[in-house]
Amino acid sequence: ASLEMYVDLLPQMPKVLGYSLKYGRPAPTHLTIGMYQKKWKFHRDLPVTTVFAFGTSAESATFPGPTIEALQGVPLWVTWENHLPDRHILPWDPTVPVAIPRAGGVPTVVHLHGGVHPPQSDGHANAWFTAGFRERGPTWTTPTYAYPNAQSPGGVLWYHDHALGLTRANLLAGLLGAYVIRNPAAEAPLGLPCGDALDRVLVLADRSFYADGSLYMNCTGDNPGVHPQWQPEYFGDAVTVNGKAWPFLPVARRRYRFRIINASNARFFNLSLSNGLPFHVIGSDASYLPRPVAVTHLLVAVAEAFDVVVDFSESSEAELEVVNTAPYPYPDGDSPDHLTGKVMKFVVAPARLWDDHSRVPARLLDYVKVAEEEAAQRRYIVMYEYEDEATGNPTHLYINGKRPEDPATETPRAGTTEVWEVINLTADNHPLHLHLATFQAVRVRGLVELEEFKRCMERLNDAARCGVARHAVGEEVAVPEHERTWKNVVKLAPGFVTTVVVKFLMVDTGRAYPFDAAAEPGYVYHCHILDHEDNAMIRPLKLIR
Ligand code: C2O
Ligand code: CU
């Protein structure tokens, strides 16, 4: 029997301030946030579930973790502590590149997704550590990470585990949380809905459960002969929002702001409201849009974020479901069923309780335009999938045909702009994520005579020699208006070349954080389908001075 929908109230995750107030003025602060094994109730009728959760204490740890509230220009230090037990609660696979501590324990390391910070604070996959820092990975340097928060407000960031080969299991277990950067002086004039009740984070994640409440993750894999546990994509049959399966939220007849994060392992969401009410998109990933864009359907890739306003006063219905229509895998998989086709429900109060003085302004925060011509470099980045000859099942995925441990080939100069032509030779859409950098897709163009191009690429692994320019003359697809801002995740349509303008930001943090670009361990870029990232669609990104 499946769980009844809309019986649990949407939780508000605990809020942790990423600054202190000294004489009324914001000042830098230092937080200690731990990872704990906890019991979590995902649904009224489901027994409690053992999870891994972030919290400032074991008692307060939640799934997802507390929302960290930072201020633009006010640095924050976080000491991330691992209090996890010796054994993982989920199966994992020793045949993918994976952190294996000698003395047991669960390796973890925390990455602030969308953050602009020094490489030592980036949560490199090999900078993992076990409980009490008993064992540390080869690129571990410090227990305390520095987040300068020098970047713009808008959208939403999130922090999550990034341990080598364990990211899919550690996130599935619950090691993720939201992070908001605000600039009250710049944002107040926008007049958007604000305050904890009206400006809310929605963390979406699909999960499967055993009848006893425990998290289900496949433990045999699709290719047991090659990988005893790894499977190409994890899909759960329940949709959770802020740690509850299909919750509901009572709302007033007014505007609300929702910062939506897709924290699933592999599932895309194509969200719409059952009565056709629009989402007014005001930001994506960690930036505002220059102007709001109203859409009825919002396609949210894995790890992608959208910042939206919904005006419930426009609703004639008392109840609105959030519906999902994205096939899985995206775009050519199965359609969601009656379970994964539903996300949550809003229950609109019958009367207008107070005046709504918020608005969606015609102009939001402006951003610098991209100049493709000014790019210092043009690179080809190619997504490959490899299959088992006998079964035809995927065995692993690579970027540029290279292993994660192969020497860095992407070594941009700090502060420069580059053009990346990202070529997707697989059948799936891969959400590409770059650490540190921020980017905009400017063109999406189909590859013609794809099979011929693929065969050449399999032989030579060289886009220029295989005549990519001759092949990239197919159908041109417009980048949606509401994705035209500085992004940190970009969807890559299969069989297309996506042209992306990438800015490699300087970590401009004053003297407190000398920018040491040469310092180990550098950054990474990868597909954010966690099962792909772990095996092994991830490459180093090393900035040079
Ligand atoms: Cu959201 Cu490399 O991570
Ligand atoms: Cu992928």
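How many residues of domain 2 are in contact with domain 3, and how many of domain 3 with domain 2? Taking contact to mean heavy atoms within 4.5 Å, 34 residues of domain 2 touch 28 residues of domain 3. The structure is a predicted model, in which local features need pLDDT of at least 70 and side-chain atom pairs count only at pLDDT 80 or more, while totals for chains, interfaces and linings use all residues. Residues are numbered from 1 along each chain as its sequence is written, chains are lettered from A and ligands numbered from 1 in the order in which they are written, and side-chain values use heavy atoms, with hydrogens and water left out.

The protein chain is divided into domain 1 (15-183), domain 2 (190-348) and domain 3 (372-541), with bounds that come from an automatic or database domain assignment. Between the C-alpha centres of domain 2 and domain 3 there are 25 Å. These two domains bury about 2400 Å² between them, 54% of which is given by carbon and sulfur atoms; buried area here is the accessible area (1.4 Å probe) that two parts lose on being put together, summed over both. Of the area that domain 2 buries against domain 3, 21% is supplied by N223, W230 and D285, more than by any other three residues.

Polar and charged pairs also cross this interface. A polar contact is a pair of N or O atoms within 3.5 Å, where within protein one must be able to donate a hydrogen and the other to accept it, and residues adjacent in sequence count only if both atoms are side-chain atoms; between domain 2 and domain 3 there are 21 residue pairs in such contact, both residues at pLDDT 80 or more. On the side of domain 2 that touches domain 3, β20 (287-295) is one of the strands that each supply at least two residues, and β20 gives the most, with six residues. (Strands are DSSP runs of E, at least two residues, and helices runs of H or I, at least four, numbered from the N terminus.) Three salt bridges span the interface, each being a side-chain nitrogen of Lys or Arg within 4 Å of a carboxyl oxygen of Asp or Glu. K487 and E304 form a salt bridge through their side chains, at 2.6 Å from N to O.

The copper ion (ligand 2) has as its protein donors H430 (ND1), C527 (SG) and H532 (ND1), at 1.9 to 2.1 Å, donors being N, O and S atoms within 2.8 Å of the metal (3.2 Å for Na, K and Ca), and since water is not among the atoms, sites may look incomplete. Because H430 lies in the loop between β27 (417-424) and β28 (432-434) and H532 in helix α5 (residues 530-533), the pair ties together parts that are 102 residues apart in sequence.
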